Amino acid sequence: MLRKASDIIAAVDIITNPLGVEKVGFTSRPFVITAFPAKPIKGFTWVRKNGNATLMIAVPDGSQLPYGMDRLIPIFLATKAVKTRSRVITFESAAEVLDLFGLSGGGINYKRLTASLERVFKASVFFQVDSKEYRQQARFHFISGLELWKKEAPTDQPRLPGLPKNKITLSQDFFEEILKHPIPLDIEVVKLLRNKPVALDAYMFIAYKAASIRHTTTIPLSELSSSFGSDDKNKRKFRMKIKKIIETVTKLSGVVARVDGDAIVIEPSNGRVRKFRRRSEDGNEEDKVDVKAETSGRWKRRKETEREDR
């Protein structure tokens, strides 16, 4: 899974060093559910079905569906929204975005960044759930407005003061969802998996599930191929692939999960990142991020103690 020497060194660093608040990123429930394709695909729609539920990502004719490393964009947007509490996100240069994920700046990466932003901007997500007598539908998009410079300013010739910055306006639905239900991520793990779309999807999905469940949960692998943005039709190959991914993700993140036969077993756990409730200065309760590592057993004992105290 991790072949490069630099990746192995980074993995050791993640496991052995404590997690600082500055290394905590965020994602959102819609993005965990709506994984982009791992590779570029032809056409203007990406459809996945699971039982009576249907998910479709669509873009206008002539546009390209988000794919691959485009999945870093919603993580960047969610992280900035949670930390700034603002629906409008501004940045001077691509370096502000690229540095978060350990990517180098420069003209080429700036073009790639703006192309990724435009693909995510054009994407609309559709959900549909059918029963015998009832149909539920919803439509969603990540970004409602995008204002970008076409070229990155040279590092030795910054833009004059007063000129507008790059600006991203999040859709109201996306912004409200992020603030109500932020899903904390270890940004160092995201960096290491940035070029491995299926592994990154698996990490976000497992981190979300492990933080939201109270009991050990088993999920059939047959339900997860689309959740991880994978097109792999070979069940045996997918099971072997996902087993290696889960082993890597659990070692890096501290989240407790394993592959058992044709299913993934997930334990209640928040790994190296956990949320706790704390009163703010005005007396309201708000979510903060605690950066202590926590095992599944300790997490469950704390939950049981909280229920007894009530």
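This report describes two sheets, the surroundings of one histidine and the aromatic contacts in a predicted model.

## The sheet β4-β8-β7

Three strands form an open sheet in the order β4-β8-β7, and their pairing is antiparallel. The edge positions are taken by β4 (88–91) and β7 (143–147); each has a single partner strand, so one side of each is left without a neighbour in the sheet. Direction ignored, neighbouring strands of this sheet are turned by 15° against each other on average.

Strand β8 comprises residues 166–170, and its antiparallel pairing with β4 extends over four bridges. Within this pairing, V88 stands opposite T169 of β8.

## The sheet β10-β12-β11 and its helices

A further open sheet of three strands, also described by antiparallel pairing, has the order β10-β12-β11. Here β10 (217–220) and β11 (257–260) stand at the edges; each pairs with a single strand, so one side of each is left without a neighbour in the sheet. From one strand to the next, the twist averages 25°.

Four bridges join β10 to strand β12 (residues 263–266) in the antiparallel sense. P220 has A263 in β12 as its bridge partner.

Two helices are associated with these strands. Helix α8, residues 197–212, lies across β10, β11 and β12 and runs at about 50° to β12. Helix α9, residues 235–253, packs on the sheet and touches β11 and β12, with a direction that makes about 160° with that of β11.

## The surroundings of H141

H141 is placed in the loop between β6 (135–140) and β7. Is this residue buried or exposed? H141 is partly exposed: its relative accessible area is 34%, and the partly exposed class lies between the limits of 20% and 50%.

Apart from neighbours within four places in sequence, H141 is in contact with A123, S171 and F174. The C-alpha atoms of H141 and D173 are 8.0 Å apart in space, while the two residues are 32 residues apart in sequence.

## Aromatic pairs and the phenylalanine cluster

The structure holds seven aromatic pairs. One of them joins F140 and F142 in an edge-to-face arrangement, at 5.3 Å centre to centre and with 85° between the planes. Both F140 and F142 are buried. F140 also forms an edge-to-face pair with F174, for which the values are 5.9 Å centre to centre and 80° between the planes. In this pair F140 belongs to strand β6 and F174 to helix α6 (residues 172–180), so the contact ties together parts that are 34 residues apart in sequence.

Why does F140 count as buried? Its relative accessibility is 9%, and F140 is therefore classed as buried because the class covers values under 20%. F174 is likewise buried, with a relative accessible area of 0%. Ring pairs link F140, F142 and F174 with F31 and F36 into a cluster. F174, a member of this cluster, is also among the residues in contact with H141.

## A charge over a ring

An arginine and a tryptophan provide a further contact involving an aromatic ring. The charged end of R48 sits over the ring of W46, at 3.9 Å from the ring centre.

How values were computed. Residues are numbered from 1 along each chain as its sequence is written. This is a predicted model: local features need pLDDT of at least 70, side-chain atom pairs count only at pLDDT 80 or more; totals for chains, interfaces and linings use all residues. Side-chain values use heavy atoms; hydrogens and water are left out. Two strands pair if DSSP finds at least two bridges between them. Axes are lines fitted to C-alpha atoms, for helices over the stretch in contact, and angles run from 0 to 180 degrees between N-to-C directions. Contact means heavy atoms within 4.5 Å. Buried means under 20% relative accessible area, exposed over 50%, partly exposed in between (1.4 Å probe, protein chains only). Rings of Phe, Tyr and Trp (its six-membered ring) pair if their centres lie within 6.5 Å; planes under 30 degrees apart count as stacked, over 60 as edge-to-face and the rest as tilted. A charge sits over a ring if NZ of Lys or CZ of Arg is within 6 Å of the ring centre and within 35 degrees of the ring normal.
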